[in-house]
Amino acid sequence: ATPTALAVSSGRGSQLGILVSGPEALESTRSIDTVVLDKTGTLTTGVMSLAGTDLSPADFAILARLESRSEHPIARAIVDASPGIVNTGSAGSVSTEADSTESVDGPAGAASARSVETSADAPVTDFENIPGGGLRAMIDGSDVLAGRPDLLRERGISVDYPADSVPRGATLVALAVDGEFRGLSFVSDEAKPSAAEAIAELHSLGLDTVLLTGDNEQAAHVVAEALGITEVRADVRPEGKVSVVTELQEQGRAVAMVGDGVNDAAALAGADLGIAMGSGTDAAMAASDITMVKSDPRQIPQAIRLSRRTLGLIK
Ligand code: ADP
Ligand code: MG
């Protein structure tokens, strides 16, 4: 072993804002041929805004009151578009998509929700976070469910809408009240400015790229096309992300996974090389070999180049 080379490399790495968990992390980089990238928060800004809604103002207010209990970027977008509704998902912390899997249920959450929502009518009770799907709660004595259209369909609610009503690349939030579909809202975010450059660099290093997301096919393809990613796995439930990594490995591919959310943790741990965004969740970082302190996707090829160089030194 040549600990000096590693020390030099991790020193250079930390200058670049690339933190390596240990020598084994670099070792696996040698064989990596495929990089799997989470979409929201990793390649896109993760800051969503409302792109439209066909809900009545009253129904949109109900949706916003439900979303006020969530930290998901979708929730932020909807709450921000609703004057008078305050996000109570978690005390003032920075929103990340991964928060969708964190329970904000329980007596403390309920109490704080009540205290802030006095202006917005009745309390939200029996709040339930459905990871990778949406939210459910009782509001004003009604059973309110919001999330992916398939989440509603899985619960026997028929969701119909003309395909051309969806803004290009948007994420859909379907609302049902007492088991009845009320309409859709649309949210979207944008690719990070340096994401296309990062993908081009990965390709020039001879690596294949795969976009992996819980978002819908269309939204995934819009981002993939803009960034030059040819392989897309969309509509993947949180527990399905690790299966995609395993499936690629079974094809004989050596896989690096890049993600930021609690949803990504299992896939990060299962990959040959796990790379977490430092702006993401602790769970993602704990599951990873490498953490990129900046949230700049160009750090991904940088980290791979750095570790290849270090291995060249060791050999
Ligand atoms: P990603 O894999 O892109 O990080 P998530 O697993 O967090 O996405 O969520 C997958 C999908 O579940 C979202 O695209 C959205 O349709 C739905 N969803 C998750 N959380 C919410 C929420 N708070 N409100 C509405 N829909 C949600
Ligand atoms: Mg993400």
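Helix 3, strand 3 (49-53), helix 4 (57-67), strand 7 and strand 8 (180-188) are among the elements that cover the buried residues of helix 5. The model described here is predicted. Helix 5 itself is mostly covered, with seven of its eight residues buried. These buried residues are Pro73, Ile74, Ala75, Arg76, Ala77, Ile78 and Val79.

**The protein as a whole**

The protein has 13 helices and 13 strands. Of its 315 residues, 47% are buried. Among contacts between residues at least 6 apart in sequence, 59% join residues at least 24 apart.

**Two domains and their contact**

The domain assignment divides the protein into domain 1 (3-45 + 190-314) and domain 2 (49-188). To the contact between them, domain 1 gives 17 residues and domain 2 gives 13 residues. On the side of domain 1 that touches domain 2, helix 3 and helix 9 (217-227) are the elements that give two or more residues. Helix 9 has the largest share of that side, three residues. By class, the residues on this side of domain 1 are five nonpolar, nine polar and three charged.

**The nonpolar core**

In soluble globular proteins, nonpolar side chains tend to be buried together. Here the largest nonpolar core has 79 residues. Val36, Leu66, Ile78, Ala146, Ala256, Met257 and Ile275 are the residues with the most contacts inside this core. At least three residues of the core come from each of domain 1 and domain 2. Ile78, named above for the core, is also one of the buried residues of helix 5.

Which residues does Ile275 contact, leaving aside its neighbours within four places in sequence? They are Ala256, Met257, Val258, Ser288, Ile290, Met292, Ile300 and Ala303. Two of these partners, Ala256 and Met257, are also listed among the core residues with the most contacts.

**The surroundings of ligand 1**

There are 24 residues around ligand 1, and Thr40, His72, Gly132, Arg148 and Gly214 come nearest. Domain 1 and domain 2 each supply at least three residues of this shell. The classes of the shell residues are set out below.

| Class in the shell around ligand 1 | Number of residues |
|---|---|
| Nonpolar | six residues |
| Polar | 13 residues |
| Charged | five residues |

Which elements each supply at least two residues of the shell? They are helix 3 (39-43), helix 5 (73-80), strand 5 (134-139), strand 6 (142-147) and strand 7 (171-177). Helix 3 thus appears in the shell around ligand 1, on the side of domain 1 that touches domain 2, and in the cover of the buried residues of helix 5.

Technical notes:
Residues are numbered from 1 along each chain as its sequence is written. Chains are lettered from A and ligands numbered from 1 in the order in which they are written. This is a predicted model: local features need pLDDT of at least 70, side-chain atom pairs count only at pLDDT 80 or more; totals for chains, interfaces and linings use all residues. A residue is near a molecule or strand if its C-beta atom, placed from the backbone, lies within 6 Å of it. Helices (H or I, at least four residues) and strands (E, at least two) are DSSP runs, numbered from the N terminus. Ala, Val, Leu, Ile, Met, Phe, Trp, Tyr, Cys and Pro count as nonpolar, Asp, Glu, Lys and Arg as charged, and the others, Gly among them, as polar. Domain bounds come from an automatic or database domain assignment. Two residues are in contact if their C-beta atoms, placed from the backbone, lie within 7 Å. A nonpolar core is a set of buried Ala, Val, Leu, Ile, Met, Phe, Trp, Tyr and Cys residues joined through C-beta atoms within 7 Å. A residue is buried if 20 or more other C-beta atoms lie within 10 Å of its own, exposed if 12 or fewer, and partly exposed in between; C-beta atoms are placed from the backbone.
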